[in-house]
Every structure is written in structure tokens, then in C-alpha cells.
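Q: Please take a close look at the salt bridges in this model, and then at how some of its helices pack. I am a first-year student, so explain each term when it comes up.

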Amino acid sequence: MCGIVGYVGKKEATPLLLSALKRLEYRGYDSCGVGVISLKDGRIAVQKTPGKIQNLVDLLKTKDLPLSHVGISHTRWATHGKPTRSNAHPHADTSGKILIVHNGIIENYQELKAELQSKGYRFTSETDSEVIAHLIASFGRDDLFKAVQKTLKKLVGSFALGIISSDFPDRLIAARLGSPLIIGVGKDENFIASDVSAILEHTRKIIYLKDGEIADIRSDEVCVYDLSGRKVPAKIQTVSFKLDAVQKEGFPHFMLKEIHEQPEVLSAMLSLRLKKGMVVLEGIGLSDTALVQCRNIMIVACGTAYHAGLVGKYIIEQLACVPVAVDVSSEFRYRSPIIDKNTLVIAVSQSGETADTLAAVREAKARGAKVVSICNVVGSSLTRESDGVLYTHAGPEIGVASTKAYTAQLGMMYLLALKFAVIHKKLSGFRVQSLVKGLKEIPATLKKILKDKARIAKIARANAHFGSFLFLGRNVNFPSALEGALKLKEISYIPAEGYAAGEMKHGPIALIDEYRAVVCITPESDTYEKMISNMQEIRARKGKIIAIATDGDTGIRQHASNIIYVPKVDRLLTPLVTVLPLQLIAYYIAVARGNDVDQPRNLAKSVTVE
Ligand code: M6R
């Protein structure tokens with residue numbers, strides 16, 4: 001979604017704001033802009049444009065901004081109004097002295113706008129955000145902080161805000177409610193940003209602004225207040241991940257880099273969480289007794305994280321015999337879910353800022369459930385609202401198409417399933433140890449598959465012309481089929497559907513002909529024979545089959561046009577392995593089609609609006 005960067009310090013603001021903004025490109029956007037306070041005459045100057053940051057850089061070559069030490073910049077992902085220059089941020093008030101950038105949605109903007117227009121404030125955009133600049137102006141120019149405070153009290157919705165004013169040229173005001181915003185604390189300079197990756201090259205010292213907090217930021221001071229104006233302690237945390245984590249390091253795309261990071265991510269997780277053959281879930285926030293008391297589990301998540309949740313259902317039910325329901329977060333909160341204090345809600349989210357998942361968690365808590373989140377981003381909103389947090393520590397995921405975060409979420413699901421199986425005494429010690437051993441072998445297995453990526457790339461390119469794809473899987477690999485289809489459609493824009501293979505005859509078979517490619521996820525499993533029957537049905541209708549099969553399965557050759565072999569692993573663990581070729585297929589097809597793999601059209605990395 002939208003990205004914010006702000007700066008107050010001693011360096012030239014514009015180049016710094018642009019390079020930091022570039023690091024937020026992955027969030028997804030369709031216009032951008034930058035605004036600064038001129039060092040020479042204290043005036044506000046703004047440049048903005050539809051399209052990419054490079055357009056802004058090119059624009060600034062001819063329409064330079066004045067030298068400045070204070071400024072704000074923004075990438076906008078259009079919600080209210082098209083991605084045009086006038087709708088791009090920053091937005092100014094009518095006098096041009098107050099400048100704001102905003103992430104989130106102001107739900108009551110129409111009534112605020114009407115009120116402000118009746119008082120003579122002139123609007124120049126179709127956005128909901130512009131009201132904020134005029135509203136601040138309407139509270140007078142003597143005290144910027146107070147004017148912002150009064151403004152925030154009138155806003156309904158969600159926001160992360162960066163504000164500057166030519167009346168206070170040495171200050172940057174920041175505020176958040178429901179949309180992420182962090183403050184980077186430097187030496188004689190301070191920053192605001194939508195996430196840490198934007199400012200990592202300048203500082204690792206971070207204040208995670210909480211909902212309802214406003215920060216008054218100067219080059220040598222950061223003061224944080226609550227909405228009533230009371231000063232609150234601002235805890236500075238030092239982030240540990242390196243700058244490499246947000247750079248491509250020789251890979252053509254972040255997505256490919258992140259696909260390659262999966263063995264390491266999983267291996268680090270397992271060595272942290274498996275001690276002497278026992279699962280250690282530090283952070284879960286619930287004792288084993290409290291976990292045993294949970295009669296049922298509900299998993300809430302969106303997109304790829306939802307697919308990880310679906311795998312979670314299969315394995316927790318199979319290993320621990322605890323009933324698990326999985327909901328897409330946006331459905332959960334509106335369907336009156338039956339939950340109480342004996343329900344454990346597990347919220348899965350890479351970013352921890354997904355608005356629907358946050359709303360689901362609030363709903364669950366209001367109904368008395370305990371909430372544990374599986375999350376990648378330390379300090380994110382979700383982690384603060386959960387009773388316990390299981391961090392996946394996959395490192396920053398920049399590619400919009402989630403890959404390593406998914407594998408890490410799966411890894412955590414297996415650990416959770418084992419934990420539940422042990423505390424419910426549902427598995428023999430031998431089976432637990434065999435699964436632990438199997439899990440530990442997965443990173444090496446993934447490395448083997450990655451070595452074969454040239455072959456997978458060849459198969460992907462040979463099939464890149466198909467106009468539509470069907471992905472089929474059964475049991476634990478039904479969610480893999482959903483994930484394979486999601487990956488492909490996100491970055492290649494080819495219509496793709498994932499189905500439980502058994503459902504094929506109930507509809508999708510009507511689509512099969514020589515123009516349809518079908519990816520069949522067919523590792524050795526209890527449902528292998530059934531998958532083979534499905535493949536025969538597809539072949540009989542001239543569908544083109546790409547099979548993902550277990551090493552040594554020569555029999556499958558008579559059924560599939562292309563086969564991607566993966567090493568044999570425990571049947572229950574196969575989703576950890578089959579997903580890798582699916583990610584690579586999607587990646588290489590998107591590359592073959594010349595698409596922007598890391599920033600696919602219309603998509604945002606973290607969806608902070610409902
Ligand atoms: O940050 P989250 O895990 O909560 O995000 C959920 C989805 O928006 C996300 O998985 C999305 O579907 C990805 N683009 C998938 O590649």
C-alpha cells in the first residue's frame with residue numbers, strides 16, 4: 001500500500017527522501033510525490049507525478065526542488081480518485097503552507113470536505129486525504145501540534161501521517177491510527193517511514209509509533225504524545241537485520257532472492273524452535289495447560305497466509321486431533337463466528353498490518369478468544385494486539401508475491417501441530433522424532449530443488465503461452481494448489497484457479513481442452529492413485545499436464561507432458577517441498593511475459609485498508 005518517508009536533519013532532503021522512498025516501492029503504488037521546506041525562503045515546494053519514482057526523478061531534473069533539510073514524500077496506491085498528479089501526495093492546504101502525506105482511509109471525509117468547502121477551503125484533488133491538510137489549517141497557524149491534535153480527533157478511519165508546515169520549518173509531525181509508521185532516530189537527524197527498510201541505511205534505531213500517538217520531531221529530538229497531549233515514553237529499539245536483507249544481492253528480482261532464502265529461513269527457525277527434539281514455542285504467551293484447554297482452533301489470515309492456515313488445519317487435525325477452522329479474515333468478522341474463551345484464534349500475517357486480519361483479531365478478542373499470531377514483522381500492529389506471538393523471522397520480504405514468508409508460516413504450522421500433538425498425547429515419541437527429523441531435512445531438500453531450477457525455468461517458459469491454468473492437489477497439497485494458482489495469477493496475470501482435485505469433476509473439467517495447462521501436485525501420498533485418475537481424465541480431454549512428482553516415480557511419465565521431480569519426504573511434510581516448484585513456475589512465466597515481478601500491477605505488499 002502507500003508508503004511514507006519524512007526527514008528532518010542537516011542533509012539535503014530531496015535525494016534522501018527519494019532514495020528512501022524507492023525502498024518502499026515494493027509496497028505497491030501508482031503515483032508519487034515529494035514536498036520540502038526551502039532552506040532559503042522557508043516556502044513549501046512540491047513535485048508529484050503519476051507512475052513510478054523514476055518519473056519523479058526525471059521530473060526533478062527539469063523542475064528542481066529548492067535546497068532543503070526538511071521534507072515528506074509518498075507513494076500512493078489509489079483508493080479515492082485515479083492515480084493522477086493532482087491526487088498524488090503530498091497535499092497542501094489552500095494557503096500552501098501546510099503539507100501532508102497520508103496512508104489509510106478517512107471514512108468521514110465527505111462530510112468534513114463539505115464543511116470545509118462551505119468555509120471557503122478549496123480542494124484540488126478527489127482524495128479523502130486532502131481534508132487533513134485543510135482541517136489542520138482550519139485550527140489556526142499558531143500551534144501546529146495542537147492543530148494536528150484537534151484534527152486527529154475529527155478523523156474517522158485509519159491513518160499514518162507525515163506533516164510539515166512552513167510556519168515551523170524545523171519540525172516534522174507524525175501520527176498513526178491503524179496504519180503503520182515508524183520513527184528512525186539518527187544523529188542530528190530523524191526520519192519517519194512506513195517501514196524500517198526505507199531508512200535502514202541511515203539508522204537502525206527505531207521507535208514503533210503506536211495507534212493514537214503523535215510525534216513532534218526535530219533534528220535533535222523526538223517527543224511522543226497520546227491523543228490527549230500527554231507525553232508518553234518512546235521506546236527506541238535496535239533492529240538487527242542487515243541492509244543486504246533489503247537489497248537484491250545479484251538476483252534479478254527480490255522474489256527470486258527470497259525464493260532462494262527459504263532453506264536458510266526454515267533452517268534458522270528449526271534450530272531456534274527445536275531443542276533436544278522438543279518444540280519450543282517461546283512467545284506463544286500461553287502455558288501448555290492453557291493450550292490443552294483450548295477446545296478448538298480458528299485460523300484467520302488473507303491470501304498466501306490463508307493458504308498456510310489451510311495447511312495448518314490439515315496437519316493439526318491429523319496430528320493432534322484438535323478441530324481447526326480456517327477463515328479468510330474479511331469473512332470471519334462478519335459471519336458471527338462461534339467462539340469463546342476456550343477457542344484459540346491463530347492470526348497469520350507476514351506484515352502484521354493487514355487490516356482485515358487486524359479486524360478479525362479484534363472481533364475474536366471481543367468474543368473472549370485467546371489470540372496467538374504468526375507474524376514476520378517485529379513490532380507490527382498484529383503482534384501488539386495478540387496475547388502471544390510466534391515470529392517467523394524470515395527477514396524483510398520485499399517481493400509483493402509472498403514466498404519465504406509462506407514457507408516460514410508453514411514451518412511454524414508444523415511446529416504448532418507437533419506441539420499440540422505432544423500436549424494432547426496423540427503421537428508416539430517415535431512419530432514425533434521421525435517428523436522432527438523429516439522437518440530438519442527439508443532445508444537441504446529445498447536446496448536440491450533449487451539446484452534444478454534451470455530445468456523448472458525451461459518447463460515454465462515452454463508453458464508461458466497458455467491463456468489459463470488449473471492447479472490441482474489433494475489433502476495437504478490442496479492448499480498448495482491454491483497457493484500455486486495465486487502465485488501465478490499475481491505476477492503473470494494469467495487466469496489461474498486452484499482446486500481440490502476431487503472437485504474437478506464437479507465443474508472445472510468443463511474447462512479442460514488443449515488450451516488449458518493443468519499443474520498436478522502429485523507427490524507420493526495416500527491420494528496418489530486418485531490424482532493419477534484425475535490426470536487421466538485431463539489427458540483424455542487434451543489438457544496439458546505439468547506434474548510435480550516424487551523422485552523415482554517413473555510411472556507418472558505416461559500421464560504428464562512435463563514433470564518436475566522433488567525429493568521424497570514424509571507425506572505430511574510435502575507442502576513444504578511442492579510449493580517451491582510452484583513459486584518458480586510462476587516466477588519464470590512472469591519473467592518470460594516481461595512482467596514487473598516484484599511490483600505486479602494493482603497489488604500492494606501490505607493491505608492496510610479493508
Ligand atoms: O501481510 P499478510 O501476510 O497479512 O498479507 C496477506 C496477503 O495480502 C498476502 O499474502 C498476499 O496475498 C500476497 N500478495 C500473496 O503473494
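A: The answer below starts with the salt bridges, goes on to two helix pairs, and ends with some single residues.

The model is predicted, so local features need pLDDT of at least 70 and side-chain atom pairs count only at pLDDT 80 or more, while totals for chains, interfaces and linings use all residues. Residues are numbered from 1 along each chain as its sequence is written, and side-chain values use heavy atoms, with hydrogens and water left out.

Side chains of opposite charge can pair when their charged atoms come close. The term salt bridge here means a side-chain nitrogen of Lys or Arg within 4 Å of a carboxyl oxygen of Asp or Glu. Counted by this rule, there are 32 salt bridges.

One of them pairs Lys 257 with Glu 249, at 3.7 Å from N to O. For each partner we can ask how much of the residue can be reached from outside: buried means under 20% relative accessible area, exposed means over 50%, and partly exposed is in between (1.4 Å probe, protein chains only). Lys 257 has a relative accessible area of 2%, so this residue is buried. Glu 249 is partly exposed, because its relative accessibility is 47%.

A second salt bridge joins the side chains of Glu 385 and Arg 362, with 2.7 Å from N to O. This pair links distant parts of the chain, as Glu 385 is in helix α12 (residues 381-385) and Arg 362 is in helix α11 (residues 355-366), 23 residues apart. The helices and strands named here are DSSP runs, numbered from the N terminus: helices are H or I with at least four residues, and strands are E with at least two. Glu 385 is buried at a relative accessible area of 17%, whereas Arg 362 is partly exposed at 39%.

A third salt bridge is formed by Lys 437 and Glu 441, whose closest N and O atoms are 3.1 Å apart. These residues are four apart in helix α14 (residues 429-451), so about one helical turn separates them. Lys 437 is exposed at 52% relative accessibility, and Glu 441 is partly exposed at 40%. Salt bridges can also share partners: Glu 249, Lys 257, Glu 261 and Lys 404 are joined into one network in this way.

Next come the helix pairs. Helix α4 (residues 130-138) packs against helix α5 (residues 144-154) at an angle of about 125°, and their axes are 8 Å apart. That angle makes α4 oblique to α5. Axes are lines fitted to C-alpha atoms, for helices over the stretch in contact, and angles run from 0 to 180 degrees between N-to-C directions. Angles under 35 degrees count as roughly parallel, over 145 as roughly antiparallel, 65 to 115 as roughly perpendicular, and the rest as oblique. The crossing of α4 and α5 is right-handed; a crossing has this hand if the near helix is turned clockwise from the far one by less than a right angle, and is left-handed if anticlockwise.

In contact (heavy atoms within 4.5 Å), Ile 132, Leu 135 and Ile 136 of α4 meet Leu 144, Ala 147, Val 148, Thr 151 and Lys 154 of α5. The residues of this contact are six nonpolar, one polar and one charged. For this sorting, Ala, Val, Leu, Ile, Met, Phe, Trp, Tyr, Cys and Pro count as nonpolar, Asp, Glu, Lys and Arg as charged, and the others, Gly among them, as polar.

Helix α1 (residues 13-22) and helix α2 (residues 53-62) pack at about 165°, with their axes 10 Å apart. They are therefore roughly antiparallel to each other, and their crossing is left-handed. From α1, Thr 14, Leu 18, Leu 21 and Lys 22 take part in the contact, and from α2, Ile 53, Leu 56, Val 57 and Leu 60. The contact of α1 with α2 divides into six nonpolar residues, one polar and one charged.

Some backbone details remain. Most residues other than glycine have a negative phi, and most peptide bonds are trans. His 89 and Pro 90 are joined by a cis peptide bond, with omega about 5°. Pro 90 lies in the loop between β4 (68-76) and β5 (91-92). Lys 542 has a positive phi, near 70°, and is placed in the loop between α17 (528-540) and β26. At 58% relative accessibility, Lys 542 is exposed.
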